[in-house]
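Please open the structure in a viewer and keep the selection panel at hand. The stops below are meant to be visited in order.

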Amino acid sequence: MTSDPNSLSARELARRIKSREIRATTVIRQMLDRVARVNPAINAIVQDCADDAMQEAELLDARIEAGDDVGPLAGVPVTIKVISDQAGYATTNGTTLAADLIATQDSPFLRNMRSKGAIVIGRTNTPAFSYRWFTSNKVHGTTLNPHNPSLTPGGSSGGAGAATSAGLGHIGHGTDIAGSVRYPAYACGIQGLRPTHGRIPMFNQTGGDRPIGAQLMAVSGPLARRVDDLRLGLEGMAGYSPDDPWSVPMPLRGPDFAKRVALVTHPGGIETDPRILADLERAAEIFRAAGWTVETPEIPEIREAVDLQIDLWLSDDHEAKLKAARAEDDPGAIALLEHYADRAAAIDKDTFSKLFLRRSALIRDWRAFLEDYPVVLMPVSAELPFRKDEDLEGPATLTRLWTAQLPQIAIPLLGLPAISICSGVENNIPSGVQLVAAPWREDICLTAGEVLEQGFGLPQMTM
């Protein structure tokens, strides 16, 4: 067997560990050695789990020797975002305010992963309060993009994106409320899946459901260098849990679907970058060559979904969020919250009620559309990955960035799964496209994503 676990898919790695072709302790030791060599340059993993990881690997090897069924993720190295509970570690959410908030038990999705054999090698960085598409904070520092340190690694799961891109774990855990899985995958040149809300249980004992923002349809999801690793990560994380009031025991695979794609190059009228437009056209040709039908229909309203999503977020105690950001003294969080302060103050009870009525109408329209077009092909963002800390350059820039992220922000409001697929890296700048499907049809996202992965080629591990 090759000496580098990263040369194998997560599924193949687990198979070889279970068949005793290689020991889990060997894999985890090699991965931890790589973390020690590579991570200091990018600061993606910010909480060390090495001792626990080796103990878990030793126990896993012993169970395999005893003939136990150790699960489909046996020995697969994974990372967990610091927004989520892991027993014995601080759920910091990137803040000094929570630096000592030690979890007493694992979040349900992590219990699921560990029950199937996954081993956590480290916990990854996020911006303060997980608010930004940029990843820096006062408690853990700044995470750099492995492809290009002048670019953001994305956010809020920027640590997960950077770690996975650099070969620090096969599967990274992230959370996505406005692109926080899809955008780091895009910015770091890998693949990322935002599942349907309720698919992956997320409750945090240390902070209840407040860090998750359930009313905004935030979800956990996997990042990986292969689409099949995303599939395995989804299988590992998913499952009903009574701890999460939104958890739903839905099957991971649905019925057959028409191989029909709606190509949308300028959703909501965004000014899509020429390179991204070229990527979308390449993706359309890949689908056609694989026997799929690609059309360019008018899609339902999407820009209003962004406005509704922003207003729902602002209605969730914006004043308290701003107070906490100022107490944390985090410039990114403060800039964002102050940017929307007047808008937040204008939201009253009548406005709040109307938000939910309009959301329901848009969801109905999109579900009907996806009956005819099971896959929507659109940009991840209107722009190539942003410059590092570009959101600190003033209100005009912040407005432009939020406009560019329309394809990120709208999808959670609509309750849809989506996948970000890397189209390649040119001049050290990654790019990619996004695929959207109907609720609970992550299987469609993954199937279509593999078609594009075969055409674009597997993302290359950095560093």
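The tour goes through a buried aspartate, two helix pairs and the cysteines of this predicted model.

**First stop: Asp-106**

Select Asp-106, which is found in the loop between β2 (77-81) and α4 (108-115). Its relative accessibility is 13%, so Asp-106 counts as buried. Next, display the side chain of Arg-114: the side chain of Asp-106 makes a polar contact with it at 2.6 Å. Then add Ala-87, whose backbone nitrogen lies 2.9 Å from a polar atom of the Asp-106 side chain. To complete the surroundings, show the residues that Asp-106 touches, leaving aside those up to four places away in sequence: Asp-85, Gln-86, Ala-87, Arg-111 and Arg-114.

**Second stop: α9 and α15**

Select residues 303-314 for helix α9 and residues 406-414 for helix α15. How are the two helices described? Their axes are 8 Å apart, and the helices pack at an angle of about 75 degrees. Angles of 65 to 115 degrees count as roughly perpendicular, and α9 is therefore roughly perpendicular to α15. Turn on the side chains at the contact. On the α9 side, select Arg-303, Ala-305, Val-306, Leu-308, Gln-309 and Leu-312; these meet Leu-406, Ile-409, Ala-410, Pro-412, Leu-413 and Leu-414 in α15. Coloured by character, the residues of this contact of α9 with α15 divide into 10 nonpolar, one polar and one charged.

**Third stop: α11 and α14**

Move to helix α11 (residues 331-339) and helix α14 (residues 395-404), whose axes come within 11 Å and cross at roughly 85 degrees. Helices α11 and α14 are therefore roughly perpendicular to each other. From α11, show Ala-335, Leu-336 and His-339; from α14, show Pro-395, Leu-398, Thr-399 and Trp-402, which they meet. The residues in the contact of α11 with α14 comprise five nonpolar, two polar and no charged.

**Last stop: the cysteines**

How many disulfides does the structure hold? The structure holds zero. To see why, select Cys-188 and find the closest cysteine sulfur, which is in Cys-422: the distance is 10 Å, too far for a bond. A disulfide requires the two sulfur atoms to be within 2.5 Å. Starting instead from Cys-422, the closest cysteine sulfur is that of Cys-188, again at 10 Å and too far for a bond. With a surface display, check their accessibility: Cys-188 is buried, with a relative accessible area of 0%, and Cys-422 is buried, with a value of 5%.

Note on methods:
Residues numbered from 1 in each chain as written. Predicted model: local features only at pLDDT ≥ 70, side-chain atom pairs only at ≥ 80, totals over all residues. Heavy atoms only, no water. Axes fitted to C-alpha atoms, helices over the stretch in contact; angles between N-to-C directions. Helix = DSSP H or I, 4+ residues; strand = E, 2+ residues; numbered from the N terminus. Parallel < 35°, antiparallel > 145°, perpendicular 65-115°, else oblique. Contact = heavy atoms within 4.5 Å. Nonpolar A, V, L, I, M, F, W, Y, C, P; charged D, E, K, R; others polar. Buried < 20%, exposed > 50% of the residue type's maximum accessible area, 1.4 Å probe, protein only. Polar contact = N/O pair within 3.5 Å; in protein donor to acceptor, adjacent residues only side chain to side chain.
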